[in-house]
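Okay, thanks everyone, I'll keep this informal. Have a look at the model on the screen, and then I'll talk through some helix packing, the cores and a few backbone oddities.

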Amino acid sequence: MKSKILMIDAFSTLHVGNGALIDNTYKLCKQYLGEDVAISTIDPIPNVDRFPKIYEDIFSSYGGSSFKKLMFSVCLFAFFCVEFINIKVFGDKLPLPWKGKYRDFLDAIDECDVCVSLSGETINDYYYPHMYLRLLTYYLAILKHKEMILFPQSIGPVFKPLSKYLLRKVFGKAKVIVARDELSLKVAKELWANCKAKVVFSPDVAVTQESEVLPLDGFKVSKKVIGLTVSDIPKAEMGISNEYLDTLIDKVLKVFPSSDYSILLMPSNYKYGDLSGDYVYCLKAKEMLEAKKYTVDILKNEVIHPDVYQGYQKSLFAFISTRMHVGILASSAGIPTVMINTQHKIKAYMDIMHMGDYVVEVRDLESNLEKTLESLKLQNDNLRIELVKNNKMLRNSVHTCLSQL
């Protein structure tokens with residue numbers, strides 16, 4: 001009998017990177033685990049007509065003020081405790097009167113055979129207390145005797161003793177834990193040493209993204225187009241405090257003059273009925289670039305699915321990004337890409353893509369960005385060939401790993 005699969009922790013496609021994780025995890029689950037795949041997501045709206053079976057995740061109401069988060073945490077912990085007693089003492093037979101998202105969560109778990117985690121970077125002490133709350137839901141699935149598979153994701157940093165204990169307790173009996181970079185693999189092997197869970201490596205599933213070339217309307221054919229994604233970076237995680245946008249734009253201007261190049265701002269995050277922080281940041285960059293006499297456009301403020309996003313990228317001369325997954329989409333499409341290392345996972349990806357020379361630390365923009373962009377410009381044709389070859393290698397690695405599940 002074919003397994004029934006639940007993608008247990010999908011985030012929102014309002015973030016292009018999450019969309020890439022959802023779309024490609026779904027595709028790969030169907031290919032290697034079973035045709036019957038359901039998705040539990042904090043935001044069903046963007047995908048309600050794209051996938052046949054979607055649940056609203058318990059965490060769809062997590063967020064807002066500190067008080068609201070506290071109340072959510074108390075309710076979720078109470079739910080977990082009652083269900084823990086129900087499973088351990090009463091054999092999961094009590095007809096408890098759960099409603100709404102709690103009922104949906106239990107129904108989704110009960111209907112599946114295998115739970116697949118695709119969140120990307122939940123296992124990270126910088127995302128406390130969200131990680132601990134997620135672990136409660138994973139543990140309920142394991143208590144209900146569901147197989148747990150962690151699809152390729154970042155593991156760490158994990159430095160709190162309580163985190164290490166809980167992660168071993170929850171995922172120690174998982175079927176497979178897949179780390180998506182070498183550092184994550186090392187952390188995972190140490191974290192789950194002597195546990196039943198098998199720890200393996202595979203690149204991020206986004207390297208398997210497929211798309212068709214889409215034209216960039218509104219730009220002069222005589223000018224080459226540079227794609228640019230900027231964002232409000234996690235400064236605490238990277239140990240920096242200074243602003244970076246002025247330096248970045250100054251270096252872009254020196255290498256790609258406005259007489260020969262246009263700029264397409266490509267925000268990677270969106271927000272219903274408002275502007276996301278990333279979109280606001282891109283609008284700020286747009287204003288600064290227009291002051292430098294560039295022809296500049298920005299993607300519409302609406303949900304953009306990863307195949308469409310990558311389709312636009314395929315019409316670019318080059319791409320510059322502070323966000324990882326949109327950089328994965330561009331480089332996987334053979335578009336020469338410079339990544340600003342605003343999170344540790346970015347350099348890890350570029351290293352396995354054999355493009356480590358095209359990563360610039362955010363603290364080193366002044367000293368290293370200009371020469372890196374010059375190399376990107378001069379080696380553009382060669383890089384396209386190299387990227388396509390390297391992406392094929394990474395795709396094969398993903399398929400080899402998942403075929404063994």
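Before I name any pairs, one cut-off: when I say two residues meet or touch, I mean heavy atoms within 4.5 Å. And please keep in mind that this is a predicted model.

Let's start with α11 and α12. Helix α11 covers residues 324-332 and helix α12 covers residues 344-352. Which residues in α11 meet which in α12? On the α11 side we have Met324, Ile328, Ser331 and Ser332, and on the α12 side Lys345, Ile346 and Tyr349. If you sort that contact by class, you get 4 nonpolar, 2 polar and 1 charged residues.

There's a helical pattern to look for in lists like that. An α-helix has 3.6 residues a turn, so residues three or four places apart point the same way.

Now the geometry. These two helices, α11 and α12, pack at an angle of about 15 degrees, and their axes are 10 Å apart. Anything under 35 degrees counts as roughly parallel, so that is what we call α11 relative to α12. As for handedness, α11 and α12 make a right-handed crossing.

Keep your eye on Tyr349 for a moment. The largest nonpolar core has 93 residues, and Leu248 and Tyr349 are the ones that touch the most other members. Which helix gives the most to this core? That's α1, residues 16-32, with 7 residues. Back to tyrosine 349: if you leave aside neighbours within four places in sequence, its contacts are Val207, Met324, Ile328, Ser331, Ser332, Met339 and Leu394. So four of the names I read out for α11, namely Met324, Ile328, Ser331 and Ser332, turn up again around tyrosine 349. There's also another core, lying apart from that one, with 46 residues, including Phe72, Phe79, Leu150 and Val170.

Next, the other partner of α11, which is α10. Helix α10 runs over residues 306-313, and its buried residues are Pro306, Tyr309, Gln310, Gly311 and Gln313. What do those buried residues pack against? The list is α1, β8, β11 and α11.

Taking α11 from that list, the angle between α10 and α11 is about 55 degrees, with the axes 9 Å apart. That falls outside the parallel, antiparallel and perpendicular ranges, so α10 and α11 are oblique to each other. The crossing of α10 past α11 is right-handed. In terms of residues, Pro306, Tyr309, Gln310 and Gln313 from α10 meet Val326, Leu329, Ala330 and Ser332 from α11. By class, that contact has 5 nonpolar residues, 3 polar and no charged ones.

Strand β11 was on the α10 list too, and phenylalanine 319 sits in β11. Is phenylalanine 319 buried or exposed? Its relative accessible area is 0%, so phenylalanine 319 is buried. If you want a long-range distance to check, phenylalanine 319 and cysteine 29 are 290 residues apart in sequence and 30 Å apart in space, C-alpha to C-alpha.

Another buried residue to click on is leucine 185, in helix α6. Its relative accessibility is 12%, and the limit for buried is under 20%, so leucine 185 counts as buried. Leucine 185 touches Ala179, Val199, Val200 and Phe201, again not counting residues up to four places away in sequence. From leucine 185 to serine 154 is 31 residues in sequence and 8.5 Å in space, C-alpha to C-alpha.

Last topic: backbone. Most residues other than glycine have a negative phi, and most peptide bonds are trans. Where are the exceptions here? The bond from tyrosine 128 to proline 129 is cis, with omega near 5 degrees, and proline 129 is in the loop between β4 and α4. Glycine 156 and proline 157 are also joined by a cis peptide bond, with omega about 5 degrees; proline 157 lies in the loop between β5 and α5.

On the phi side, aspartate 92 is not a glycine but has a positive phi of about 65 degrees. Aspartate 92 sits in the loop between α2 and α3 and is partly exposed, at 32% relative accessible area. Lysine 293 has a positive phi as well, near 75 degrees. Lysine 293 is in the loop between α9 and β10, and at 68% relative accessibility it counts as exposed.

That's my tour, so over to you for questions.

Note on methods:
Residues are numbered from 1 along each chain as its sequence is written. This is a predicted model: local features need pLDDT of at least 70, side-chain atom pairs count only at pLDDT 80 or more; totals for chains, interfaces and linings use all residues. Side-chain values use heavy atoms; hydrogens and water are left out. Axes are lines fitted to C-alpha atoms, for helices over the stretch in contact, and angles run from 0 to 180 degrees between N-to-C directions. Angles under 35 degrees count as roughly parallel, over 145 as roughly antiparallel, 65 to 115 as roughly perpendicular and the rest as oblique. A crossing is left-handed if the near helix is turned anticlockwise from the far one by less than a right angle, and right-handed if clockwise. Ala, Val, Leu, Ile, Met, Phe, Trp, Tyr, Cys and Pro count as nonpolar, Asp, Glu, Lys and Arg as charged, and the others, Gly among them, as polar. A nonpolar core is a set of buried Ala, Val, Leu, Ile, Met, Phe, Trp, Tyr and Cys residues joined through side-chain atoms within 4.5 Å. Buried means under 20% relative accessible area, exposed over 50%, partly exposed in between (1.4 Å probe, protein chains only).
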